[in-house]
Amino acid sequence: MTIRQTTLAAAFALAAIGPAHAEGLKPLHGQVINLGDVSGVAYYTVERDGFRVVATLAKQDEDAVPVRVVAVLAPDQSLTLSIPHEARTPADAVEIIRRADTVLVQKAAGAITAATVTN
């Protein structure tokens, strides 16, 4: 089994342990993320400095290398994960939001398109 297969198997096993509920994600319970050709899982742990959110994503390709994103969220902070597309086409995006002691994983509203990014 390759590292990618092991990582994705562990991520999906973690997601199966605790699906997200309407009131939000629970600590150490995974939420599956689907961004078109890229998918993975996100979970969080409660740390002294905030909620440590970990998202592991990989392209649905046998040779793809997974990417892990880690962020510590304080109340009212969020993290957006997105996959860009052609100009003037909205990105596939998901937002991980901390509201007080709740973590929500939802499709991002108004994802940034390549055409709106300027210098």
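In the next few minutes I will go through one predicted model, from its overall make-up to a few residues, a pocket and a ring pair.

Since this is a predicted model, local features need pLDDT of at least 70 and side-chain atom pairs count only at pLDDT 80 or more, while totals for chains, interfaces and linings use all residues. Residues are numbered from 1 along each chain as its sequence is written, and side-chain values use heavy atoms, with hydrogens and water left out.

Let me begin with the chain as a whole. It holds one helix and seven strands, taken as DSSP runs numbered from the N terminus (H or I, at least four residues, for helices; E, at least two, for strands), and along the sequence these follow the pattern α-β-β-β-β-β-β-β. Of the 119 residues, 34% count as buried, where buried means under 20% relative accessible area, exposed means over 50% and partly exposed lies in between, with a 1.4 Å probe and protein chains only. Among the contacts with a separation of 6 or more, 29% are accounted for by residues 24 or more positions apart, a contact being heavy atoms within 4.5 Å.

I turn now to strand β6, which spans residues 92-99. Which residue's side chain makes a polar contact with the side chain of E95? That residue is S78, at 3.4 Å, and by polar contact I mean a pair of N or O atoms within 3.5 Å, of which, within protein, one must be able to donate a hydrogen and the other to accept it, with residues adjacent in sequence counting only if both atoms are side-chain atoms. Leaving aside residues up to four places away in sequence, E95 touches S78, L79, T80, L104, V105, Q106 and A108; for V105, 10 residues along the chain from E95, the C-alpha separation is 5.8 Å.

R98 lies in β6 as well, and it counts as buried at 7% relative accessibility. A polar atom of its side chain lies 2.7 Å from the backbone oxygen of A100, and R98 touches, again leaving aside residues up to four places away, G50, F51, L73, A74, P75, D76 and Q77.

Two of the residues just named deserve a word on their backbone. Most residues other than glycine have a negative phi. A100, in the loop between β6 and β7 (102-107), has a positive phi of about 55 degrees and is partly exposed at 48%, whereas D76, in the loop between β4 (67-73) and β5 (78-83), has a phi near 70 degrees and is exposed at 60%.

Next, the largest pocket, which has about 150 Å³ of space. A pocket here is, on a 1 Å grid over the protein atoms alone, an open set of points where a 1.4 Å probe fits, with protein on both sides within 12 Å along at least five of seven lines, and lining residues have an atom within 4 Å of a point. The elements giving two or more residues to this lining are β1 (31-35), β6 and β7, and β1 gives the most, with five residues.

Finally, the whole structure yields one aromatic pair, rings of Phe, Tyr and Trp (its six-membered ring) being paired if their centres lie within 6.5 Å, and counted as stacked with planes under 30 degrees apart, edge-to-face over 60 and tilted for the rest. The rings of Y44 and F51 have centres 4.9 Å apart and planes at 20 degrees, so this pair is stacked; Y44 is buried at 3%, and F51 is buried at 6%.

Terms used:
Grid points are joined across faces, edges and corners, and a volume is the space filled by probe spheres set on the points.
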